[in-house]
Amino acid sequence: MAGYLVSDARKVTTQRFLEMKQKGEKISMLTSYDYTTAGIVDKAGVDAILVGDSASNVMAGNQTTLPITVEQMIYHARSVVRAVQRALVVCDMPFGSYQIGSHDGVSNAIRIMKESGCDALKLEGGIEIIDTIKRILDAGIPVIGHLGLTPQSINKFGTYAVRAKDEAEAAKLISDAKALADVGCFSVVLEKVPAKLAAQVTQEISIPTIGIGAGNGTDGQVLVIADMLGMNQGFSPRFLRRYADLNTIMTDAIGQYVTDVKSGDFPNEQESY
């Protein structure tokens with residue numbers, strides 16, 4: 001099964017991520033949190049599906065990603081995995097599942113992998129959590145890093161503004177990215193950092209970079225599906241491109257359904273037994 005612009009129907013693996021970087025082929029990634037949506041995303045040819053802790057916002061209506069639990073992430077990831085044939089499925093480790101220490105981190109990582117069936121995990125942070133990442137990798141679990149704006153640390157940052165604009169933070173981001181590559185992560189997400197910095201990191205590390213609000217110099221891009229499809233119209237960051245206006249389409253369709261039910265037009269004879 002291949003998508004619109006995908007001629008290679010092989011299952012996407014961590015090794016293929018590296019191959020794509022080496023060949024200069026851009027990597028496409030979108031979020032999904034349920035079976036139906038994930039099946040459509042996979043069929044359309046997306047290379048990787050992120051079961052993001054953004055489910056806390058998109059699916060549960062929380063203000064931040066912090067409240068979502070390991071159990072909820074497993075539920076969403078398991079639903080996505082059941083629908084996917086080609087894309088690499090990556091699941092976020094939620095806040096609190098690995099920050100306490102490496103023992104808890106490895107235990108939760110193994111549980112998420114076993115119970116969801118996903119292909120890899122994503123963790124936010126650099127040098128501070130490198131020992132935990134190493135132990136998870138040693139357990140045979142592929143890991144994607146996440147640097148720049150790390151939403152699980154929103155209370156520390158106090159803002160969703162662009163990160164690493166000053167020299168010190170930019171230098172730390174480069175150092176963190178190199179550490180993640182050296183320890184064995186197969187990719188790293190760069191969120192809301194200057195495009196020039198993201199391009200520099202991409203050139204200086206051997207693993208693929210996936211950008212969100214990080215310019216076009218990264219090896220790939222990721223967006224939240226509800227945002228790029230225009231379901232969530234209250235979120236309009238500079239980096240977001242809307243590819244549809246599902247909010248209007250869905251509102252009009254549902255409104256027409258209500259009208260038809262109220263008028264007695266639905267169901268008609270052909271729609272009745």
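In helix α2 (residues 35-43), the buried residues are A38, V41 and D42. Seen down the helix axis, they fall within an arc of 95°, so they line one face of α2. T36, I40 and K43 are exposed on the other side. The model is predicted. Twelve salt bridges are counted in it.

**Helix α2 and its surroundings**

- The cover over the buried residues of α2 includes two strands, β1 (27-31) and β2 (48-51).
- Helices α4 (70-83) and α10 (225-228) are also among the elements covering those residues.
- An α-helix has 3.6 residues a turn, so residues three or four places apart point the same way.
- That spacing fits the one-sided arrangement of A38, V41 and D42, which lie within an arc of 95°.
- At the start of α2, D34 places a side-chain oxygen within 3.1 Å of the backbone nitrogen of T36.
- Just after α2 comes G45, with a positive phi of about 105°.

**T31, Y33 and S54**

- T31 belongs to strand β1, one of the elements that cover the buried residues of α2.
- T31 is buried, with a relative accessible area of 2%.
- Beyond its neighbours within four places in sequence, T31 contacts I49, L50, S54, L223, V224 and I225.
- S54 sits in the loop between β2 and α3 (55-58).
- S54 counts as buried too, at 13% relative accessibility.
- Setting aside residues up to four places away in sequence, S54 touches T31, Y33, T65 and V224.
- Y33 has polar side-chain contacts with both residues: 3.1 Å to the side chain of T31 and 2.6 Å to the side chain of S54.
- V224 appears in the contacts of T31 and again in those of S54.
- S54 and I205 are 151 residues apart in sequence, and their C-alpha atoms are 27 Å apart in space.

**Salt bridges**

- D219 and K21 meet through their side chains in a salt bridge, at 2.7 Å from N to O.
- D219 is in the loop between β7 (209-212) and β8 (220-223), and K21 is in helix α1 (residues 14-23), so the bridge ties together parts 198 residues apart in sequence.
- Both D219 and K21 are buried.
- K122 pairs with D92 in another salt bridge, with the closest N and O atoms 2.7 Å apart.
- This bridge runs between strands: K122 is in β4 (residues 120-122) and D92 in β3 (residues 88-92), so it joins parts 30 residues apart in sequence.
- K122 is buried at 4% relative accessibility, and D92 is buried at 3%.
- E169 and R163 form a salt bridge whose closest N and O atoms are 3.0 Å apart.
- The two partners fall in separate classes: E169 is partly exposed at 24% relative accessibility, whereas R163 is buried at 15%.
- E71, R111 and E115 are linked in a salt-bridge network.

**Backbone geometry**

- A164 is not a glycine, yet its phi is positive, about 60°.
- A164 lies in the loop between α7 (154-157) and α8 (167-183), and is buried with a relative accessible area of 3%.
- K192 is another non-glycine residue with a positive phi, near 50°.
- The loop between β6 (187-191) and α9 (195-204) holds K192.
- K192 has a relative accessible area of 19%; the cut-off for buried is under 20%, so K192 counts as buried.
- The peptide bond from F266 to P267 is cis, with omega near 0°.
- P267 is in the segment after α11.

**Nonpolar surface patch**

- M231, M250, I254, Y257, V258, V261 and F266 make up a nonpolar patch on the surface.
- Together these residues have about 630 Å² of accessible area.
- Y257, one of the patch residues, is found in helix α11 (residues 246-263).
- Y257 is partly exposed, with a relative accessible area of 47%.
- F266 is part of the patch and also precedes the cis peptide bond to P267.

Note on methods
Residues numbered from 1 in each chain as written. Predicted model: local features only at pLDDT ≥ 70, side-chain atom pairs only at ≥ 80, totals over all residues. Heavy atoms only, no water. Patch = residues over 30% accessible without salt bridge, like charges linked within 9 Å, V, L, I, M, F, W, Y side chains within 5 Å. Areas by Shrake-Rupley, 256 points an atom, 1.4 Å probe, with all protein chains shown as cover. Salt bridge = Lys/Arg side-chain N within 4 Å of Asp/Glu carboxyl O. Helix = DSSP H or I, 4+ residues; strand = E, 2+ residues; numbered from the N terminus. Buried < 20%, exposed > 50% of the residue type's maximum accessible area, 1.4 Å probe, protein only. Arc of directions from axis to C-beta. Contact = heavy atoms within 4.5 Å. Polar contact = N/O pair within 3.5 Å; in protein donor to acceptor, adjacent residues only side chain to side chain.
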